[in-house]
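This report describes the internal cavities and the aromatic ring pairs of one protein chain. The sequence and the structure are shown first.

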Amino acid sequence: MSRSSSTNNIFHVVRLTPDNAVLRPQRFLSFVLFFLYGPLAFANNPDVIKASRHDISPALSRMVIGASSNGGGKDNQNPTARSTGPMITNNNPDPVAAPLSRPLTGVTNLLNFDGQSAQDNRNLFGFAFVPADTNGAVGATQFVQMVNVTFAVYDKSTGALQLGPAAIHTLWTGFGGLCEFGGGTPTFADGGDPVVLYDHLAGRWLVSQLQYNTSFTQTAECIAVSTNSDATGSYNRYEFDFGSNFPDYPKFGVWTDAYYNSINVFPPHSFAGAEACAFDRNAMLVGAPASAICFQQPPAVSSLLPADLDGRTLPPAGSPDYFVGLADSTNLNFFRFHVDFSIPSNSSFDGPTLVSVAAYSEICARATSVSCIPEPSPGEHVDGLADRVMFRLAYRNFGDHESLVVNHTVRGGALAGVRWYEIRNPSAPFVYQQSTLIDPDVNYWLGSIAMDKSGNAALGFSASSKSVFPSVYVAGRAPTDPPGQMFGPLVLVDGSGAQIQSFHRWRDYSSMSLDPVDDCTFWYTNEYYATTGSFNWATRIGSFKFNACKGRSK
């Protein structure tokens, strides 16, 4: 990797906890891979990546004026689907699979409106991308939605559009380098895999996307942190270079001491494994030179998620950030990341600790091999993306306990169901509750989950079958409900069209977020189809709250 560090090694030792001192068969492969890669496997120091450039931007509202990206091209997938390994399977039935047993009650719908669409891609670029990669975050007064490869800002009180849609690279106007110019062609103007989060501790927005040249020999993570709570204002902008080691599927989490990040690293013609990074939050909040401290994992570890802090109660002092990923058909991998930007060698990435879960099997491989989620005719089968946990890994400190919630797609119901977990006590993690949402006739897949300050949980996901057009559903539960039970669905939008001839791609993630002002209002955004077509996706944005959750007025 192109790094400013004392080492350019690809692999680092994963420190074993007592829980993992005896290697299970599934972990033996990782152990062997360390030896196969010889001395590269035993570099104990983390990689340190210094931002190759940084500055403070003009107001985003000014940069959008007159910006144009329409230079021709054709509909394409962005970025191309990449496999991280074989499917996880288990011959035993799912012991926690259950249908939604009753409607979701005690919930008030607030806003529900269409967000960005493939047509916005065409308006800006002259062509469209898949997958949509729909995600969003809610701030003090605004909701920001990002998709491949545009963004838009909405008034969170009314849903009115305040800015955009605009090409994501517009945010890097005048910055130079990959972040502004991408690969230099219309198809490579924006790298995709966008993420937006609201750092409610500082009242700032974090916006990121990948960038790379046409030969993938130069790649970067482009990160911008707003200078105040207005998403249309100015940003502290950064480029972090990864050379020819493609940093695929970046996901972020806000923590007290850093912006934590995970990527899947693809050197040319191979998969190196997941990498966990911590970006210097304190420096980026003030626009100072910043660095990232990263730990590369072996190929057996992929698609980790960093914990993302919800609520006003901070983690206990000195708490590391937490990372979770799939280990095998009965375990999750659990890591702890402690960062020290002053003395990087004091940083540590400890784990994996294996967290026992109910048996499950993946459904579908990546779109590169098998796509299996059906749609009504003439729709194509789409990808289930069941090889990873889904954004976000939402953390909350309730005072008497700490909780992390996360989900992934598994085999169940008609074909696919959504498995979710509440993990407690991250110092010695265990699954407090879990279940798989299924329907005998409809596929549920690719969810996002969060909890409000009262402990109510909401899980949004896609729904589709041979007779149900791709739609956006939400399930939920109150803390007084029996453990593992979810109710619903709350339908944010019923689809009325199917996807055809679009590389079988479906958005790679969605996002459920919490209003930082009242800490009660959930916001969810996801992809659906309103009209059958190729590269013709639409998105929905919805907000709702559990009536029992009482928060400050907006």
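## The largest cavity

The lining of the largest cavity comprises ten nonpolar, five polar and six charged residues. The model is a predicted one, and the volume computed for this cavity is about 190 Å³. Its lining holds 21 residues, of which Tyr198, His200, Leu309, Asp310 and Leu514 are the closest to the centre.

Five elements give two or more residues to this lining: β7 (135-138), β11 (195-199), β19 (305-309), β23 (390-397) and β31 (511-514). The greatest contribution is that of β31, with four residues.

## The second largest cavity

In total, the structure contains three cavities of 30 Å³ or more. The second largest encloses about 80 Å³ of space. By class, its lining has ten nonpolar residues, with no polar and no charged ones.

The residues concerned are Leu60, Val144, Met146, Phe151, Val153, Ile168, Leu171, Val207, Ala231 and Tyr235. At least two lining residues come from each of β8 (142-147) and β9 (150-155).

## Aromatic pairs

Across the whole structure, 37 aromatic pairs are found. One of them joins tyrosine 249 and tyrosine 509 in an edge-to-face arrangement, with 5.8 Å centre to centre and 90 degrees between the planes. This pair links distant parts of the chain, 260 residues apart: tyrosine 249 belongs to strand β15 (residues 246-254), whereas tyrosine 509 lies in the loop between β30 (487-493) and β31. Tyrosine 249 counts as buried because its relative accessibility is 5%, under the cut-off of 20%. Tyrosine 509 is likewise buried, at 0% relative accessibility.

A second edge-to-face pair is formed by phenylalanine 461 and tyrosine 473, with 6.1 Å centre to centre and 75 degrees between the planes. Phenylalanine 461 is in strand β28 (residues 457-464) and tyrosine 473 in strand β29 (residues 471-477), twelve residues apart. Phenylalanine 461 has a relative accessible area of 0% and is therefore buried; tyrosine 473, at 10% relative accessibility, also counts as buried. Elsewhere, ring pairs connect Tyr260, Phe295, Phe323, Phe335, Phe337 and Phe349 into a cluster.

## The chain as a whole

The secondary structure consists of five helices and 33 strands. Of the 554 residues in the chain, 65% are buried. The exposed area is about 18,000 Å², and carbon and sulfur atoms supply 53% of it.

Among contacts with a separation of 6 or more, 66% are between residues 24 or more positions apart.

Key:
Residues numbered from 1 in each chain as written. Predicted model: local features only at pLDDT ≥ 70, side-chain atom pairs only at ≥ 80, totals over all residues. Heavy atoms only, no water. Buried < 20%, exposed > 50% of the residue type's maximum accessible area, 1.4 Å probe, protein only. Contact = heavy atoms within 4.5 Å. Areas by Shrake-Rupley, 256 points an atom, 1.4 Å probe, with all protein chains shown as cover. 1 Å grid on protein atoms, 1.4 Å probe; cavity = no way out; pocket = protein on both sides within 12 Å on 5 of 7 lines; lining within 4 Å. Points joined across faces, edges and corners; volume = space filled by probe spheres on them. Nonpolar A, V, L, I, M, F, W, Y, C, P; charged D, E, K, R; others polar. Phe/Tyr/Trp six-rings, centres within 6.5 Å; stacked < 30°, edge-to-face > 60°.
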